[in-house]
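Student: I have a structure open and a list of labels for it. Can we go through what justifies each one?

Tutor: Yes. Here it is.

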Amino acid sequence: MTADYKGDYQELVDEISELLGAPATLENRNFELIAFGAYDSEGDLDPSALDPVRTRSILTRRSTAAVRRWFEGFGITRATGPVRIPPTPEAGVYRGRICLPVRHRGVVLGYVWLLVDEPGPAEPQLAAAMRVTGRIGALLADEAQHGADLTRELRAVLTAERGWPRDMAVAELRTALGARAEGPHTMVCVAPWPSADPDDAPSVRTLPGATALCTVPWGTTDQCLALLVRLRSADTLTPAVSAATRLLERAAGGTATSGAATGTSGAAGSRVSGAVSGAAGRAVSGAAGRAVSGAAGRAVSGAAAGVAAGRTGLAELGTAWAQAVAAARAALAEPRLGPIAQWAGIGPYRLLASLSPEARHDAAVGPLLSPAHQELARTAEVYLDCAGQAGRTAAELGVHRQTLYYRLSRVEQLTGLDLDDGEDRLLLHMALKAARL
């Protein structure tokens with residue numbers, strides 16, 4: 001979200017909070033948090049009166065699919081006026097809600113949610129608030145149109161052939177961005193992405209520093225999500241990592257229960273689908289994904305993210321995208337690198353990812369990569385990762401040194417390579433790493 005839009009949304013949400021004397025939040029039609037009002041009253045400052053669901057929504061910034069269906073069941077997608085939703089303690093909704101649908105030219109673009117107690121705001125107050133939602137709808141429509149244009153232009157850059165076709169696409173994107181095009185930025189790749197449908201993609205408004213996003217092919221059947229992220233400086237990738245974390249949560253199907261705006265909890269989701277639990281049990285991103293084994297961490301979403309090096313201007317946008325793709329592939333291939341890998345941290349995969357699939361394979365190493373020799377391949381890779389130190393390797397594998405020496409001799413027999421020869425060791429090491437890709 002641009003700074004101008006963000007400030008406008010915040011002012012309008014605060015205006016509604018003041019009009020109705022109730023805490024308000026704004027979500028888009030995908031139930032992703034855009035802004036929340038800071039309304040203070042004596043009752044709301046009492047910890048016993050706080051709605052924990054609202055707090056979780058502000059922290060996680062989106063709702064699960066089950067929560068979305070639950071609230072849509074009250075008819076909010078068709079409503080043209082306020083919809084009252086009573087408290088449902090057994091579902092985790094401790095305070096009543098009023099939903100103000102945000103529409104523009106008859107199309108629902110979002111929702112303003114209010115935490116209220118009976119009897120709630122009077123009808124004249126609600127009518128005044130609905131007039132404010134009309135202004136919000138106009139802003140959402142304007143930003144959606146702008147974002148859609150940037151999405152098309154970003155996809156054109158990433159799918160264009162090298163040379164003048166890509167140069168032309170970059171020029172169009174640069175024109176659309178204006179002065180922002182000359183600032184620092186980076187690319188993020190999340191792969192695989194579960195859907196190519198634009199309606200299933202998150203909004204750039206919900207991602208820190210996001211400028212544009214699109215889906216592009218990943219392999220022959222899958223899709224990946226590409227994100228252009230503005231940075232404070234080319235050396236600070238924090239906004240990109242934060243955005244990648246949220247995208248991985250989204251790829252997992254929604255890892256946290258709704259909050260302020262949606263107003264339900266894990267219990268509510270369970271009542272709807274029987275499969276919704278709290279955020280803590282399912283969220284895997286960043287350090288959480290690395291705390292468990294990499295493979296187990298990625299199994300939650302089946303996806304990983306790559307972040308390119310930061311750079312200034314758009315001249316090397318194609319290179320940045322290639323780096324993001326390579327980092328995502330490395331994170332999927334090497335558990336210790338994921339679930340979010342940065343180009344600068346993927347080591348030999350920077351070179352391997354640039355090679356064609358044919359160039360990454362070597363006939364001598366082929367026999368070692370058969371399923372029957374998985375343990376031998378793992379032994380060889382750990383041995384080479386440990387710089388050929390037998391003691392470290394045996395400890396890492398949990399085997400006796402004699403067992404290690406026997407396995408290494410079998411590796412030499414299968415490959416015809418000499419592990420005392422530096423070039424043979426380099427070939428084997430790179431081939432084993434390449435096999436992961």
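Tutor: Keep in mind that this is a predicted model. Start with two aromatic residues: F71 and W113 are both buried.

Student: What makes the pair of F71 and W113 edge-to-face?

Tutor: Take the distance, then the angle. The ring centres of F71 and W113 lie 4.8 Å apart, and the limit for a pair is within 6.5 Å. Their planes stand at 80°, and edge-to-face requires over 60 degrees. So the pair is edge-to-face.

Student: Where in the chain do F71 and W113 sit?

Tutor: F71 is in helix α3 (residues 65–72) and W113 is in strand β5. They are 42 residues apart, so the contact links distant parts of the chain.

Student: How many aromatic pairs does the structure hold, and which residues do ring pairs link into a cluster?

Tutor: There are seven aromatic pairs. The cluster consists of F31, W70, F71, F74, Y111 and W113.

Student: F31 is in that cluster. What is its phi in the hairpin of β1 and β2?

Tutor: F31 has a positive phi near 65°. That hairpin has four residues between its strands.

Student: Why is strand β1 called largely enclosed?

Tutor: Count its residues. β1 covers residues 24–28, and five of the five are buried, so the rest of the structure largely encloses the strand. Both directions are covered: A24, L26 and N28 point one way, T25 and E27 the other, and all are buried.

Student: What makes β1 a partner of both β5 and β2?

Tutor: The threshold is at least two bridges. β1 and β5 (residues 107–116) have five, in the antiparallel sense. β1 and β2 (residues 33–36) have three, also antiparallel. E27 shows both contacts: Y111 stands opposite it in β5, and L33 is its bridge partner in β2.

Student: How do you know that E32 and R250 form a salt bridge?

Tutor: Their closest N and O atoms are 2.2 Å apart. The cut-off is within 4 Å, so the pair qualifies. E32 lies in the loop between β1 and β2, while R250 belongs to helix α6 (residues 238–251), 218 residues apart. Both E32 and R250 are buried.

Student: What makes R311 buried but E316 partly exposed?

Tutor: Set each value against the limits. R311 has a relative accessible area of 9%, and buried means under 20%. So R311 is buried. E316 has 44%, which lies between 20% and the 50% limit for exposed. So E316 is partly exposed. These two form a salt bridge, with the closest N and O atoms 2.9 Å apart.

Student: Why is R407 called buried, and what is E375 called?

Tutor: R407 has a relative accessible area of 17%, so it is buried by the under 20% rule. E375 has 39% relative accessibility and counts as partly exposed.

Student: How far apart are the closest N and O atoms of E375 and R407?

Tutor: They are 3.3 Å apart, and the pair forms a salt bridge. E375 is in helix α13 (residues 374–385) and R407 in helix α15 (residues 401–415), with their positions 32 residues apart in the chain.

Student: How many salt bridges does a search of the whole structure find, and which residues do shared partners join into one network?

Tutor: The search finds twelve. The network joins E334, R336, E381, D385 and K433.

Conventions: Residues are numbered from 1 along each chain as its sequence is written. This is a predicted model: local features need pLDDT of at least 70, side-chain atom pairs count only at pLDDT 80 or more; totals for chains, interfaces and linings use all residues. Side-chain values use heavy atoms; hydrogens and water are left out. Buried means under 20% relative accessible area, exposed over 50%, partly exposed in between (1.4 Å probe, protein chains only). Helices (H or I, at least four residues) and strands (E, at least two) are DSSP runs, numbered from the N terminus. A salt bridge is a side-chain nitrogen of Lys or Arg within 4 Å of a carboxyl oxygen of Asp or Glu. Rings of Phe, Tyr and Trp (its six-membered ring) pair if their centres lie within 6.5 Å; planes under 30 degrees apart count as stacked, over 60 as edge-to-face and the rest as tilted.
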